[in-house]
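The following paragraphs set out how a group of helices and strands is arranged in a predicted model. The reader is invited to follow the account with the coordinates displayed.

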Amino acid sequence: MGKAVNNNGQYHKKLTIGLFGFGVVGEGLYKALQQTSSLNATIKKVCIKHAGKKRNAPEELFTTDKNELLNDKEINVIVEVINESQPAFEIVSTALLNGKHAVSASKKMIAEHLPKLLELQKKTGRSFLCEAAACASIPVIRNLEEYYDNDLLHSLKAIVNGSTNFILTKMFEDNLSFKDALLLAQQLGFAESDPSLDVDGWDAVNKWTILLAHAYGIVEYPDNILFNGIQNIQLSDALVAKEKHYDIKLVAQAKKLLNGEIAAFVLPQFVKHDDHLSFVKNEYNGVVIESSFADKQFFYGKGAGSFPTASAVLSDISALRYDYRYEYKKLYHHIVPELSNNFYIKTYVSFDDWQYIPKEKFEWIEEWHAEAERKYLVGVLPFSELKNNSWWKENNTSLILSPEPVIEDVEIRKLKKKSLELAGV
């Protein structure tokens, strides 16, 4: 591996890059690298799927043969920014096994193959970096990895999907229906022609899977984390939120419970106007980290787009000059906490017909409005009820969490005792 000398006479590595994918992010990275000559990193070859397209780079740079990159001894870093999960995994795993470092932006691929990727990093001793896979331009993975100790990390909550945040912002600020807001997001390029990955919450839970590993050492498949998207949210829900002086956001969160276990999920939530996440609008992302002594810290930035995502890839590339790697301290050097289903959540549920709502499953119901065409209630449910059943996302039902949704068993017992005392029992 070549070395370059900086002004202090210190050496850092020359990086020769093989790039997979030349779409929005790949081209953004190509342009960004041209503007950062101090990095001492160059793209030697780009592997693309379709040879005939006109691209803003010299023709000799491109190939459709992945082995030209993966077997090239000169290439010491593989950067992967393609859309398909399985080919992305094959590229990254082959790169690591061939002694190359790998950088990826594919959240779906990482979330689905995380245990295997961890194993490959251990086996090969190579770095696998993926800052761009969660929140694009926000350096949240590196911060969780280096700065926050598991024992001191109280909670993490975030808006990690720009498309859904854009749609919700338009429903609120311009009173658009969900369908119209989605159409606008597609026209502006913030949502795909098939928006279900974003809208149904898959993209958010994939990112959350990655962040849970760096925050708490929890390695879990996305399917095992409770999530929903914003596909059932109605304009009437937005109007109720406005009455209560709330916003609605799709919030990914993890909270340490009193018993040391972690409550984690991705669901729509009412957010108070003074909450940091209330300020996160349109295609932006935001992360609020709460720890024992630092209180709350707020990270904010663009969660998608050519240059914001390329900036995170660039940051990973630059870290490789010094052999940086994720150590996953919380996974390998701590007792990893369990994901819990043993708590309660306070929630708002709106619906067309009472017959689809199992009222008896609620611990209690604080509010109900049954007279309007669109009915709703506010009540407390065991989290396991959502985990084990799907009535809350069927038959045009919309479930939105309250601003402080997690209620622990201890609190439930206290509240029940108090209500019995008030009732004179």
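Helix 11 (residues 306-320) lies across five strands: strand 3 (15-20), strand 4 (41-47), strand 6, strand 7 and strand 8. Relative to strand 7, helix 11 runs at about 165°. With angles over 145 degrees counted as roughly antiparallel, helix 11 is therefore roughly antiparallel to strand 7.

The strands beneath this description belong to an open sheet of six strands, in the order 5-4-3-6-7-8 and with parallel pairing. Strand 5 (62-63) and strand 8 are the edge strands, each pairing on one side only.

Strand 7 (residues 101-104) can be taken residue by residue. His101 and Val103 point one way from the strand, whereas Ala102 and Ser104 point the other way. All four of these residues are buried.

On one side, strand 7 pairs with strand 6 (residues 77-80); the two run parallel and are joined by four bridges. Within this pair, His101 of strand 7 stands opposite Val77. The connection between them passes from strand 6 through helix 3 (residues 85-97) to strand 7, forming a right-handed β-α-β crossover.

Strand 7 is also joined to strand 8 (residues 128-129), here by two bridges, and again the strands run parallel. Leu129 in strand 8 is the bridge partner of Val103. The chain reaches strand 8 from strand 7 by way of helix 4 (residues 107-124), and this β-α-β crossover is likewise right-handed.

Helix 11 also packs against another helix. Two packed helices are described by the angle between their axes and the distance between the axes. For helix 1 (residues 24-34) and helix 11, the angle is about 60° and the axes are 8 Å apart. Because of that angle, helix 1 is oblique to helix 11. The crossing of helix 1 past helix 11 is right-handed.

The residues that meet at this packing can be named for both helices. Helix 1 contributes Val24, Val25, Gly28, Leu29, Lys31, Ala32 and Leu33. Their counterparts in helix 11 are Ser306, Phe307, Thr309, Ala310, Val313, Leu314 and Ile317. Helix 11 thus both meets helix 1 and lies across strands of the sheet, strand 7 among them.

Key:
Residues numbered from 1 in each chain as written. Predicted model: local features only at pLDDT ≥ 70, side-chain atom pairs only at ≥ 80, totals over all residues. Heavy atoms only, no water. Buried < 20%, exposed > 50% of the residue type's maximum accessible area, 1.4 Å probe, protein only. Pairing = 2+ DSSP bridges. Right-handed = clockwise from strand over helix to strand, strands pointing away. Axes fitted to C-alpha atoms, helices over the stretch in contact; angles between N-to-C directions. Parallel < 35°, antiparallel > 145°, perpendicular 65-115°, else oblique. Left-handed = near helix turned anticlockwise from the far one by under 90°. Contact = heavy atoms within 4.5 Å.
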